[in-house]
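Here is a short guided tour for anyone meeting this structure for the first time. Take a moment to turn the model around before reading on.

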Amino acid sequence: MGAAILPASRYNPAMRPNLLLCAALCTLAACATTFTEDDARTLESKAQKGDTQAGETLEKHAKAGDPVAQRFMGDMYVRGRGVPQSDEYAIEWFGKAAAQGDVPSMHDLAVIYARAPGKLKNTAEALKWFR
């Protein structure tokens with residue numbers, strides 16, 4: 001049985017833009033990939049072992065706004081693995097992920113603010129993110 005074809009009398013040319021938009025959105029959705037925790041963990045591990053391309057890929061996803069990638073970038077900076085240790089950069093990346101509702105990043109951000117030495121220590125911010 002073949003596909004149903006609308007008779008010319010039922011085809012509405014005004015619907016063409018809507019049909020094209022629907023087709024484009026369906027194509028984008030089918031091609032989109034989800035960046036998972038496992039993907040980030042794998043890239044983080046490779047970056048820590050000196051794979052610069054893995055680190056660049058993780059950073060690309062983080063800069064594109066992916067909260068999982070942002071959290072893993074923060075983790076790399078706080079530990080100094082694959083990148084120079086920097087609490088400032090860790091706060092920046094955890095903050096971006098936390099602002100998007102990433103709960104582990106909220107916790108990590110609170111811990112940094114609570115335990116950081118010197119000017120980075122901020123009890124009010126720590127309490128804000130612990131809540």
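Let us begin at the start of one helix: Asp66 caps the N-terminal end of α4, with a side-chain oxygen 2.9 Å from the backbone nitrogen of Val68. Please keep in mind that this is a predicted model.

**Helix α4**

Helix α4 has 13 residues, and from its first C-alpha to its last it reaches 18 Å, close to the 18 Å expected at 1.5 Å a residue. After α4 comes Gly80, whose phi is positive, near 70 degrees.

How much of α4 is covered? Ten of its 13 residues are buried, so the helix is mostly covered, given that buried means under 20% relative accessible area. The buried residues include Val68, Ala69, Phe72, Met73 and Tyr77, and also Gln70, Arg71 and Asp75. Packed against the buried residues of α4 are α2, α3, α5 and α6.

**A closer look at Gln70**

One of the residues of α4 that repays a visit is Gln70. Why does Gln70 count as buried? Its relative accessibility is 4%, and the limit for being buried is under 20%. The side chain of Gln70 has polar partners: it reaches the backbone oxygen of Ala62 at 3.1 Å, and it makes a polar contact with the side chain of Gln100 at 2.9 Å. Leaving aside neighbours within four places in sequence, Gln70 is in contact with Ala62, Gly65, Trp93, Phe94, Lys96, Ala97 and Gln100.

**The nonpolar core**

In soluble globular proteins, nonpolar side chains tend to be buried together. Here, the largest nonpolar core has 27 residues, and those with the most contacts inside it are Leu58, Met73 and Leu109. Two or more residues of this core come from each of α2 (37-48), α3 (52-63), α4, α5, α6 and α7. Which element gives the largest share? That is α4, with six residues.

Met73 shows some of this packing at the level of a single residue. Beyond its neighbours within four places in sequence, Met73 is in contact with Leu58, Glu59, Ala62 and Trp93.

**Helices α5 and α6**

Next, find Ala98 in helix α5 (residues 87-99). With a relative accessible area of 3%, Ala98 is buried. Its contacts, leaving aside neighbours within four places in sequence, are Ser105, Met106, Leu109 and Trp129. Ala98 and Trp129 are 31 residues apart in sequence, yet their C-alpha atoms are 8.4 Å apart in space.

Helix α6 (residues 103-115) also has 13 residues. From first C-alpha to last it reaches 19 Å, close to the 18 Å expected at 1.5 Å a residue. Where on α6 do its buried residues, Ser105, Leu109, Ala110, Ile112 and Tyr113, lie? They cover an arc of only 160 degrees around the axis, which puts them on the same side of α6. On the other side of α6, Val103 and Arg115 are exposed. The cover over the buried residues of α6 includes α4, α5 and α7 (123-130).

**Charged pairs**

A search of the whole structure finds eight salt bridges. Three of them are set out here, each with its N to O distance.

| Salt bridge | N to O distance |
|---|---|
| Asp102 and Arg71 | 2.6 Å |
| Lys96 and Glu92 | 3.5 Å |
| Lys128 and Glu125 | 3.9 Å |

Asp102 and Arg71 link distant parts of the chain: Asp102 is in the loop between α5 and α6, Arg71 is in helix α4, and they are 31 residues apart. Are these two residues buried or exposed? Both Asp102 and Arg71 are buried.

Lys96 and Glu92 both lie in helix α5, four residues apart, about one turn of the helix. Lys96 is partly exposed, with a relative accessible area of 36%, and Glu92 is partly exposed too, at 35%.

Lys128 and Glu125 both lie in helix α7, three residues apart, again about one turn of the helix. Lys128 is partly exposed at 47% relative accessible area, and Glu125 is partly exposed at 24%. Elsewhere, salt bridges that share partners join Glu37, Asp38, Arg41, Arg71 and Asp102 into one network.

Technical notes. Residues numbered from 1 in each chain as written. Predicted model: local features only at pLDDT ≥ 70, side-chain atom pairs only at ≥ 80, totals over all residues. Heavy atoms only, no water. Buried < 20%, exposed > 50% of the residue type's maximum accessible area, 1.4 Å probe, protein only. Polar contact = N/O pair within 3.5 Å; in protein donor to acceptor, adjacent residues only side chain to side chain. Contact = heavy atoms within 4.5 Å. Expected span 1.5 Å × (residues − 1). Arc of directions from axis to C-beta. Core = buried A, V, L, I, M, F, W, Y, C linked by side-chain atoms within 4.5 Å. Salt bridge = Lys/Arg side-chain N within 4 Å of Asp/Glu carboxyl O.
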